[in-house]
Amino acid sequence: MSKDNVTSIKETKKTQCCSYEVVMLVHIIADKETDAKTQLDEKGGIVTKRDVKLVNTQILYGEDKDK
């Protein structure tokens, strides 16, 4: 018997979702605090310190789109 009518199952590629807690110190140069807040929200600022802590890692599975 032929196996031509058998559908192969796609292999899945293991991926991970990593969650981080990030604390940053950001400097904004502006005329007043309200302008600085607007600039921070729209464009960002100068990051002078960044502390990163891994909070959680969860294994996910999904299709490998290259196949």
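## Overall layout

Following the sequence from its start, the elements of the chain come in the order β-α-β. That makes one helix and two strands in the chain. The model is predicted. Strand β1 spans residues 12–27 and strand β2 spans residues 46–63, while helix α1 covers residues 33–42.

Of the contacts between residues at least 6 apart in sequence, 73% link residues that are at least 24 apart.

## Confidence

The mean pLDDT of the chain is 86, and 82% of the residues reach at least 70. Helix α1 has the highest confidence, with a mean of 97, and β2 the lowest, with a mean of 90. Where pLDDT is low, predicted coordinates should not be read in detail.

## Exposure of the chain

The chain has 67 residues, and 3% of them are buried. The area that the chain exposes is about 6600 Å², of which carbon and sulfur atoms supply 51%.

## A nonpolar surface patch

Six side chains make up a nonpolar patch on the surface: Tyr-20, Val-22, Met-24, Val-47, Val-52 and Leu-54. Together they have about 560 Å² of accessible area. Strands β1 and β2 are the elements that each give two or more residues to this patch.

Leu-54, one of the patch residues, belongs to strand β2. Leu-54 counts as partly exposed because its relative accessibility is 47%, and the partly exposed class runs between 20% and 50%.

## Around Tyr-20

Tyr-20, also in the patch, sits in strand β1. Apart from neighbours within four places in sequence, Tyr-20 is in contact with Val-52, Lys-53, Leu-54 and Val-55. Val-52 and Leu-54 are members of the nonpolar patch along with Tyr-20.

Asp-51 is 31 residues from Tyr-20 in sequence, and the C-alpha atoms of Tyr-20 and Asp-51 are 10.0 Å apart in space.

## Cysteines

How many disulfides does the whole structure hold? A search finds zero. For Cys-17, the closest cysteine sulfur is that of Cys-18, and the 6.8 Å between them is too far for a bond. A disulfide would need the two sulfur atoms within 2.5 Å. Cys-18 is likewise in no disulfide, with the sulfur of Cys-17 as its nearest cysteine sulfur.

Are these cysteines buried or exposed? Cys-17 is partly exposed, because its relative accessible area is 38%. Cys-18 is also partly exposed, at 36% relative accessibility.

Note on methods
Residues numbered from 1 in each chain as written. Predicted model: local features only at pLDDT ≥ 70, side-chain atom pairs only at ≥ 80, totals over all residues. Heavy atoms only, no water. Patch = residues over 30% accessible without salt bridge, like charges linked within 9 Å, V, L, I, M, F, W, Y side chains within 5 Å. Areas by Shrake-Rupley, 256 points an atom, 1.4 Å probe, with all protein chains shown as cover. Salt bridge = Lys/Arg side-chain N within 4 Å of Asp/Glu carboxyl O. Helix = DSSP H or I, 4+ residues; strand = E, 2+ residues; numbered from the N terminus. Buried < 20%, exposed > 50% of the residue type's maximum accessible area, 1.4 Å probe, protein only. Contact = heavy atoms within 4.5 Å. pLDDT = per-residue confidence, 0-100.
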